[in-house]
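The following exercises are intended for a reader who is meeting this structure for the first time. Each one sets a task and then works through a solution step by step.

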Amino acid sequence: MYEFLGRSPVFGNLDVFQVASQMARHASMRQGVIARNVANANTPGFKSMDLETFRPDVRDRAAANRMNVTRDGHMSFGRGGASGLEIEDRSAVPSPNGNTVEIEAQILKSVDAERQHSRAMAVYQSSMSLLRTSIGRGR
């Protein structure tokens, strides 16, 4: 009955779901990095880390048709794998013991990651609603 979905230019390539999923995963990974920073706020010499800014790779993915992800460590958000996204936060000023974690900055980053995750979920929910409406199922 719904075989037209595969041939339709609208439904044949639903990158919006993949981008929303990538955005949510990126936000989740960023929360993990922030949590690790906060957990090490008193560790001498610990360097505060962050993730690269999220950039969807829709054009690259459509052209390259990447392999399926088998583990989170294999996920690619643009450049390299998940571990390649972590970068040292050079904006933080080191404390006398060499630690660069600023709790206030981590709180702000955590709020930003939560907003990114909420945006991803809103995009996903809106897209699902549009898809259901287009096939006559409504909400």
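## Exercise 1: Salt bridges around aspartate 50

In this predicted model, lysine 109 and aspartate 50 are joined through their side chains by a salt bridge, at 3.6 Å from N to O. Determine which parts of the chain this pair links, and whether its members are buried or exposed.

Solution. Begin by placing the two residues: lysine 109 belongs to helix 4 and aspartate 50 to strand 1. They lie 59 residues apart, and the pair therefore links distant parts of the chain. Next, consider accessibility: lysine 109 and aspartate 50 are both buried. For aspartate 50 the relative accessibility is 11%, and because buried means under 20%, the residue counts as buried.

Then look for a further partner. Arginine 30 also forms a salt bridge with aspartate 50, with 2.8 Å between the closest N and O atoms. This pair, too, links distant parts of the chain, since arginine 30 is in helix 2 and aspartate 50 in strand 1, 20 residues apart. Arginine 30 has a relative accessibility of 9%, so it counts as buried.

Finally, place these residues in a wider setting: Arg30, Asp50, Asp89, Lys109 and Asp112 are linked in a network of salt bridges. The structure holds five salt bridges.

## Exercise 2: A salt bridge between helix 2 and strand 2

Arginine 36 and glutamate 86 form a salt bridge. State how far apart the closest N and O atoms are, and classify the accessibility of each residue.

Solution. The closest N and O atoms are 2.8 Å apart. Arginine 36 sits in helix 2 and glutamate 86 in strand 2 (residues 86-88), with their positions 50 residues apart in the count along the chain. For the classification, partly exposed covers values between 20% and 50%. Arginine 36, at 33% relative accessibility, therefore counts as partly exposed. Glutamate 86, at 29%, counts as partly exposed as well.

## Exercise 3: The setting of serine 48

Locate serine 48, decide whether it is buried or exposed, and identify its contacts.

Solution. Serine 48 occurs in the loop that runs between helix 2 (15-39) and strand 1 (49-51). Its relative accessibility is 0%, so serine 48 counts as buried. The side chain of serine 48 makes a polar contact, at 3.5 Å, with the side chain of asparagine 37. Leaving aside residues up to four places away in sequence, serine 48 touches Asn37, Ile87, Glu88, Asp89, Thr100, Val101 and Gln106.

## Exercise 4: Nonpolar residues inside and on the surface

Which residues make up the largest nonpolar core, and which form a nonpolar patch on the surface?

Solution. Start from a general tendency: in soluble globular proteins, nonpolar side chains tend to be buried together. The largest nonpolar core here has five residues, namely Val19, Met23, Ala24, Phe54 and Ala120. Helix 2 supplies the largest share of this core, three residues. Alanine 120 touches Ala20, Met23 and Ala24, when residues up to four places away in sequence are not counted.

Now turn to the surface, where Val38, Ile103, Ile107 and Val111 form a nonpolar patch with about 300 Å² of accessible area together. Helix 4 (residues 103-134) gives the most to this patch, with three residues. One residue of the patch, isoleucine 103, is found in helix 4. Isoleucine 103 has a relative accessible area of 36%, so it is partly exposed.

Key. Residues are numbered from 1 along each chain as its sequence is written. This is a predicted model: local features need pLDDT of at least 70, side-chain atom pairs count only at pLDDT 80 or more; totals for chains, interfaces and linings use all residues. Side-chain values use heavy atoms; hydrogens and water are left out. Helices (H or I, at least four residues) and strands (E, at least two) are DSSP runs, numbered from the N terminus. Buried means under 20% relative accessible area, exposed over 50%, partly exposed in between (1.4 Å probe, protein chains only). A polar contact is a pair of N or O atoms within 3.5 Å; within protein, one must be able to donate a hydrogen and the other to accept it, and residues adjacent in sequence count only if both atoms are side-chain atoms. Contact means heavy atoms within 4.5 Å. A nonpolar core is a set of buried Ala, Val, Leu, Ile, Met, Phe, Trp, Tyr and Cys residues joined through side-chain atoms within 4.5 Å. Patches are made of residues with over 30% relative accessible area and no salt bridge: like charges are joined within 9 Å, nonpolar side chains (Val, Leu, Ile, Met, Phe, Trp, Tyr) within 5 Å. Accessible areas come from the Shrake-Rupley method with a 1.4 Å probe; for residues, only the protein chains shown count as cover. A salt bridge is a side-chain nitrogen of Lys or Arg within 4 Å of a carboxyl oxygen of Asp or Glu.
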